[in-house]
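Got the viewer open? Keep the selection panel handy, and we'll hop from one stop to the next.

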Amino acid sequence: VVFGILSILAVFMLGYSIFDKKTALLCSFLSAFSLYYIEYSQEARPYPLFLLLSLLSMTAFVNVLKKGRKQDYIFGAVTNVLMVYSHNYGLFIVAAQVLFLILHFKTYRPKMKNLVLMFGATGILSTPLFLFLYSGSNRIDTILAWIKKPSLKSIFDLAVTFSGKSLVLTFIFLSLILSVFIRIDLRRIYALFIKKKNGKISVPGSNQRINLNLIILWLLTPI
């Protein structure tokens with residue numbers, strides 16, 4: 001329960017870091033009534049802790065890209081390591097961050113040296129986990145043998161579940177996924193939901209598009 005409550009605060013922090021205060025409040029409000037949040041917060045399992053650390057990891061990553069302070073790099077490395085040890089799926093979150101940097105290498109090239117050090121520290125401190133996952137009966141292919149190969153139906157069911165079985169939210173969820181594969185300009189999609197301001201439709205700028213790319217990678221990398 002404690003980790004679930006703290007995760008709502010972490011959602012606000014991440015939303016505020018990526019977008020603005022109004023968006024952060026909306027995200028944290030929706031999270032507070034999420035069926036997944038409520039269900040797993042009542043179970044003595046690692047998922048609430050993993051969620052909290054994932055949110056803190058992404059918040060630290062965004063702060064590194066925007067501010068690049070020494071404490072941001074340290075906090076990013078620490079949260080990444082703790083996240084990976086809380087659940088091995090944390091590797092997908094780290095992979096999404098690395099993939100994002102590869103796609104936006106030119107934009108964040110001046111910070112690459114420190115970013116390499118941050119992820120290098122994550123890798124070194126996570127080495128015992130890697131050895132555990134790739135040794136004997138603990139091999140990762142054995143641990144993950146129960147996971148079925150994703151299909152279009154499973155992705156749709158996932159979208160419905162995460163959206164709380166709301167058709168509108170499901171449409172937005174799927175539009176983000178489809179935009180990656182068919183290269184639709186996200187501005188055109190979001191323009192449908194944004195009111196006109198001064199006679200013109202307000203659409204996300206380049207920085208917001210980069211932020212949306214990060215969220216999409218965060219979503220699709222595990223899939």
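A contact here means heavy atoms within 4.5 Å. What you have loaded is a predicted model, where local features need pLDDT of at least 70, side-chain atom pairs count only at pLDDT 80 or more, and totals for chains, interfaces and linings use all residues. Residues are numbered from 1 along each chain as its sequence is written, and side-chain values use heavy atoms, with hydrogens and water left out.

**The whole chain**

Start with everything shown as cartoon. You should find 13 helices and 2 strands; helices (H or I, at least four residues) and strands (E, at least two) are DSSP runs, numbered from the N terminus. Of the 223 residues, 36% count as buried, where buried means under 20% relative accessible area, exposed over 50%, and partly exposed in between (1.4 Å probe, protein chains only). Switch on the surface: about 14,100 Å² is exposed, and carbon and sulfur atoms supply 68% of that. The areas come from the Shrake-Rupley method with a 1.4 Å probe, and for residues only the protein chains shown count as cover. Among contacts with a separation of 6 or more, 65% are between residues 24 or more positions apart.

**Stop one: Ser 28**

Select residues 21–32, which form helix H2, and pick out Ser 28. Is Ser 28 buried or exposed? Its relative accessible area is 11%, so Ser 28 counts as buried. Leaving aside neighbours within four places in sequence, show its contacts: Ile 8, Val 11 and Phe 12. For a distance label, try Ala 10, which is 18 residues away in sequence and 8.3 Å away in space, C-alpha to C-alpha.

**Stop two: H5 and Met 83**

Now move to H5, a helix of 17 residues. H5 reaches 25 Å from first C-alpha to last, close to the 24 Å expected at 1.5 Å a residue; that expected span is 1.5 Å times one less than the number of residues. Its buried residues include Tyr 73, Gly 76, Ala 77, Asn 80 and Val 84. Turn on the surroundings and you'll see that the cover over the buried residues of H5 includes H4, H6, H7 and helix H8 (127–133).

Zoom in on Met 83, also in H5. Met 83 counts as buried because its relative accessibility is 0%. Not counting residues up to four places away in sequence, Met 83 touches Phe 50, Leu 53, Ser 54, Ser 57, Gly 90, Ile 93 and Val 94. Of these, label Leu 53: the C-alpha atoms of Met 83 and Leu 53 are 5.2 Å apart, with their positions 30 residues apart in sequence.

**Stop three: where H5 meets H6**

Two packed helices are described by the angle between their axes and the distance between the axes. The axes of H5 and H6 come within 7 Å and cross at roughly 145 degrees. Axes are lines fitted to C-alpha atoms, for helices over the stretch in contact, and angles run from 0 to 180 degrees between N-to-C directions. Show Asn 80, Met 83 and Val 84 on the H5 side, then Gly 90, Leu 91, Ile 93, Val 94 and Gln 97 on the H6 side. Colour them by type and you get 5 nonpolar, 3 polar and no charged. (Ala, Val, Leu, Ile, Met, Phe, Trp, Tyr, Cys and Pro count as nonpolar, Asp, Glu, Lys and Arg as charged, and the others, Gly among them, as polar.)

**Stop four: H7 and the loop after it**

Select residues 112–125 for H7. Its buried residues are Met 112, Leu 115, Met 118, Phe 119 and Thr 122. They cover an arc of only 125 degrees around the axis, which puts them on the same side of H7; the arc is that of the directions from the helix axis to the C-beta atoms. Rotate to the other side, where Lys 113, Val 116, Leu 117, Ile 124 and Leu 125 are exposed.

Finish at Ser 126, in the loop between H7 and H8. Ser 126 is buried, with a relative accessible area of 1%. Not counting residues up to four places away in sequence, it touches Val 81, Val 84 and Tyr 85.
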